[in-house]
Amino acid sequence: MKKYVVFMSAIIFLTAGCATIKEHKKTAIGSAVGAAVGAGLGYAIGKGGGAGVGATVGALAGGALGYMFEKQEKEFKEALADSEAASIRREQRVLAEANAQANQRDQEVLVLSFQSDFWFDFDSAILKPAAYKEIDRVATVLNRYPDTFIRVEGHTDSIGSETYNLELSERRAMAVKNALIAKNVDSSRIETVGFGEGYSIAGNHEPGGRQLNRRVEIVIVPPAEQA
């Protein structure tokens, strides 16, 4: 009887979570994934009897992680609401470029994109004074969520050689990382990578397109996705 009650509780929890997908998609998905993993662990540990308990615990954990990710996204939007250089979006990414892990899967991440022209002078990797105000806002939110992983990506336009642009994008990404560390963001959380002109989001034949391509992106990976 007790097993039945626990199992039904898990089902009710998941049903309620699925009903809120439109408003809290990340939370609902986290609950479902957490429930599946928890049920498997519960079954393995309890030889079947622990599956219901595992599902409930896993759903709670997955839902909590999804909620925290949504909360962090909201805080970033509020912190950068008056920024001319910043934009925020969610993306599905395979983060295998920098660490070459062949077994990585698609991950939903939060991307903070900043136009490099607002942060750096032309052909420079030295942050402008005005950039530190925005970095301070970003760091404040990051420090409230110490379990997330951070990846700083540098991008350039196509002016100049590919080799030089790659090196410039790497130096700019490192400059942002150092600025975040100076704001007490743990260095072990931060990875940097330079892509040069390799990932353009607009055409490089016009000034407006080149301006969009010159950017630094701070990618936030939630803890559930890191595992």
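This tour proceeds from the whole chain to the sheet, then to its helices and to selected residues.

**The whole chain**

Begin with the entire protein chain, bearing in mind that the model is predicted. Colour it by secondary structure: the chain comes to eight helices and five strands. Followed along the sequence, these elements appear in the pattern α-α-α-β-β-α-α-β-α-β-α-β-α. The chain has 227 residues, of which 42% are buried. A surface display covers about 12000 Å² of exposed area, with carbon and sulfur atoms supplying 60% of that area. Contacts across the sequence can also be considered here: among those between residues at least 6 apart in sequence, 71% join residues at least 24 apart.

**The sheet**

Next, select the five strands and hide the rest. They form an open sheet, ordered β1-β2-β5-β3-β4, and the pairing is mixed. The edge strands are β1, residues 86-93, and β4, residues 190-194, each of which pairs on one side only. From one strand to the next, the twist averages 25°. As a general matter, strands of a sheet pair through backbone hydrogen bonds, either parallel or antiparallel.

**Strand β5**

Select residues 215-221, which make up β5. How many of the seven residues of β5 are buried? Seven of the seven are, so the strand is largely enclosed by the rest of the structure. Show the side chains and view the strand from its edge: Arg215, Glu217, Val219 and Val221 point one way, while Val216, Ile218 and Ile220 point the other way, and all are buried.

Now add the partners of β5. Strand β2, residues 107-115, runs antiparallel to β5 and is joined to it by six bridges. To find one of these positions, select Leu110, whose bridge partner in β5 is Ile220. Strand β3, residues 149-155, also pairs with β5 in the antiparallel sense, over seven bridges. Here, select Val152, whose bridge partner in β5 is Ile218.

**From β3 to the edge strand β4**

Keep β3 and add β4. These two strands pair in the parallel sense over five bridges. Glu153 and its bridge partner in β4, Val193, mark one position along the pairing.

**Helices on the sheet**

Restore helix α5, residues 131-144, which packs on the sheet and touches β2, β3 and β5. Its direction makes about 160° with that of β2. Then restore helix α6, residues 162-182, which lies across β3, β4 and β5. Helix α6 runs at about 160° to β4.

**Ile190**

Centre the view on Ile190, a residue of strand β4. Is Ile190 buried or exposed? Its relative accessible area is 7%, so Ile190 is buried, the cut-off for that class being under 20%. Display its surroundings: Ile190 touches Ile150, Val152, Lys177, Leu180, Ile181 and Val185, leaving aside residues up to four places away in sequence. A distance may also be drawn from Ile190 to Ile218: the C-alpha atoms are 9.6 Å apart in space, and the residues are 28 apart in sequence.

**Two glutamates**

Select Glu70, in helix α3, which spans residues 51-79. At 14% relative accessibility, Glu70 counts as buried. Glu70 and Leu110 are 40 residues apart in sequence, with their C-alpha atoms 9.5 Å apart in space.

Move to Glu108, in strand β2. Glu108 is buried, with a relative accessible area of 16%. Show Arg90 as well: a polar contact of 3.4 Å joins the side chains of Glu108 and Arg90.

**The aromatic pairs**

The tour ends with the two aromatic pairs that the structure holds. Select Phe114 and Trp119, which form a stacked pair, with 4.4 Å centre to centre and 25° between the planes. Phe114 is buried at 0% relative accessibility, and Trp119 is buried with a relative accessible area of 1%.

Then select Phe195 and Tyr199. What arrangement do Phe195 and Tyr199 form? Their pair is edge-to-face, at 4.8 Å centre to centre and 65° between the planes. Phe195 counts as buried at 13% relative accessibility, whereas Tyr199 counts as partly exposed at 42%.

Technical notes: Residues numbered from 1 in each chain as written. Predicted model: local features only at pLDDT ≥ 70, side-chain atom pairs only at ≥ 80, totals over all residues. Heavy atoms only, no water. Pairing = 2+ DSSP bridges. Helix = DSSP H or I, 4+ residues; strand = E, 2+ residues; numbered from the N terminus. Axes fitted to C-alpha atoms, helices over the stretch in contact; angles between N-to-C directions. Contact = heavy atoms within 4.5 Å. Buried < 20%, exposed > 50% of the residue type's maximum accessible area, 1.4 Å probe, protein only. Areas by Shrake-Rupley, 256 points an atom, 1.4 Å probe, with all protein chains shown as cover. Phe/Tyr/Trp six-rings, centres within 6.5 Å; stacked < 30°, edge-to-face > 60°. Polar contact = N/O pair within 3.5 Å; in protein donor to acceptor, adjacent residues only side chain to side chain.
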